Amino acid sequence: MVYLLTAAGRKSVADKYRDSLLNDVVPFWLRHGVDDEYGGIITGLDRDGTVIDTDKGMWQQGRWLWLLAELCNTVEARDEWLRTALRTADFIERFGFDQSDGRMWFQVTREGRPLRKRRYAFSESFAAIGFGELAQATGDRRYAELAQRCFHAFVSHVPPPKFTDERPARSLGMPMITIATAQDLRDSISLECANAWIDRSVEIICRDHRKPDIRCVMETVGLDGKIIDHFDGRTLNPGHAIEAAWFLMLDGRYRNDTVLQKTGCEMLDWMWERGWDREHGGLLYFVDVDGHPVQEYWHDMKFWWPQCELMLAALLAFELTGDAKYAGWHAKAHDWFFEHFADREHGEFFGYLHRDGTLSSTLKGNLWKGPFHIPRMLLWSWQWLTSDGHPQSSCTVPSRNP
């Protein structure tokens, strides 16, 4: 069924997203992931929620904070969500920052002792959106200041080069995440510089990463925007490019900019053609721009998050254009995701499948998979499809250290 073309289909799929979010995904993480002893969330979970690793990723702490506060802001201000958000924020504040240089850690122990950082400052970007939503949920200006501090630390960080000066390169991730972070902070705390950062990042993507002549969005390019004819330079990540595509569409809708909307739709078109697996269904993880074999051995696996980004992009493209092809793409991605990733025994969704859709790992979470891409897809798809996703209510804000 192509759900988006009928009122009944839209209601059916919107109800499925709402129910999956509120009655499955969020309860699963509240039940199994919340660390009542030390605060924050543990994401190293097996399929039934059994904790198999207690290390905590700061990416996931910020994303969990964002989800809980976003739910309070757009669905219902439930005390359980807000209390858990405040405890997560407290964990990030106490243990997320290296006091020697102000940078955020990537990985800490359960108790918060630091383990490692990464080249990029994405911990800062996810903390920024989390603090921003919490500022909106609580009215506490201090969280808004923390959000701005994390955002500026993110955009001002210059990561050390992955390669030597012999082959300098830039990746899609930095401008893409800058757009998403600025969009969220524009909404939550009215970040004054948000549009300027979005404009700058859109320009980089359109100038350097979009390749209309070959109908492609490059993941990695030289500093001059040229394709690097080596394994890393030729490797495409369709899910990443499609995520960037709907960020552009979303900003085009916000600004009523039809050119930007069209640009995002074109990016989706190109990467659907390159990434959708016509034999087995689902979105491939990596492909080569020239059709050569890909170096990464997991290139043809199906990961959870690219499917989520494809569903959001196809839905938004249909909402903007009314083109039935996007409704068809959405239906294919929706059906494949729920048929293959859903765990009908223990709830939530698996993260890692083989190319044919069979299970590769029973993990429900780790340092990379946590409560973000799936609940964001469910929440925003539901909200885009129906106005019923935005009831507001009030609650008493609990103390900072419940």
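**Exercises: strands, salt bridges and cysteines**

The bridge partner of glycine 57 is glutamine 107, in S4. The model is predicted, so local features need pLDDT of at least 70 and side-chain atom pairs count only at pLDDT 80 or more, while totals for chains, interfaces and linings use all residues. Residues are numbered from 1 along each chain as its sequence is written, and side-chain values use heavy atoms, with hydrogens and water left out.

**Exercise 1.** Work out which strands are the edge strands of the sheet with the order S3-S4-S5.

Step 1. Helices (H or I, at least four residues) and strands (E, at least two) are DSSP runs, numbered from the N terminus. Two strands pair if DSSP finds at least two bridges between them.

Step 2. S3 and strand S4 (residues 107–108) are joined by two bridges, in the antiparallel sense. The sheet is open, has three strands and is paired antiparallel.

Step 3. Strand S3 (56–57) and strand S5 (114–116) each pair on one side only, and these are the edge strands.

**Exercise 2.** Determine which parts of the chain are linked by the salt bridge of aspartate 35 and lysine 56, and whether the two residues are buried or exposed.

Step 1. A salt bridge is a side-chain nitrogen of Lys or Arg within 4 Å of a carboxyl oxygen of Asp or Glu. In this pair the closest N and O atoms are 2.8 Å apart.

Step 2. Aspartate 35 is in the loop between H1 and strand S1 (44–45), and lysine 56 is in strand S3, 21 residues apart.

Step 3. Buried means under 20% relative accessible area, exposed over 50%, and partly exposed in between (1.4 Å probe, protein chains only). Aspartate 35, at 2%, is buried, and lysine 56, at 0%, is buried as well.

**Exercise 3.** Describe the salt bridges of arginine 110 and arginine 376.

Step 1. Arginine 110 meets glutamate 37 at 3.4 Å, N to O. Glutamate 37 lies in the loop between H1 and S1 and arginine 110 in the loop between S4 and S5, so the pair ties together parts that are 73 residues apart in sequence.

Step 2. Glutamate 37 is exposed, at 53%, and arginine 110 is partly exposed, at 24%.

Step 3. Arginine 376 meets glutamate 243 at 2.9 Å, N to O. Arginine 376 is in helix H13 (residues 373–385) and glutamate 243 in helix H9 (residues 238–255), 133 residues apart.

Step 4. Arginine 376 is buried at 5%, and glutamate 243 is buried at 4%.

Step 5. The whole structure holds 34 salt bridges.

**Exercise 4.** State how many disulfides the structure has.

Step 1. A disulfide is a pair of cysteine sulfur atoms within 2.5 Å.

Step 2. The count by this rule is zero. Take cysteine 206: the nearest cysteine sulfur is that of cysteine 265, 13 Å away, and cysteine 206 is in no disulfide.

Step 3. Cysteine 206 is partly exposed, at 27% relative accessible area.

**Exercise 5.** Locate arginine 215 and glutamate 348, and give the phi of each.

Step 1. Most residues other than glycine have a negative phi.

Step 2. Arginine 215 has a positive phi of about 50 degrees. Its place is the loop between strand S7 (210–211) and strand S8 (216–217), and arginine 215 is partly exposed, at 46%.

Step 3. Glutamate 348 has a phi near 60 degrees, also a positive value. Glutamate 348 is in the loop between helix H12 (324–340) and strand S13 (352–353), and is buried, at 1%.
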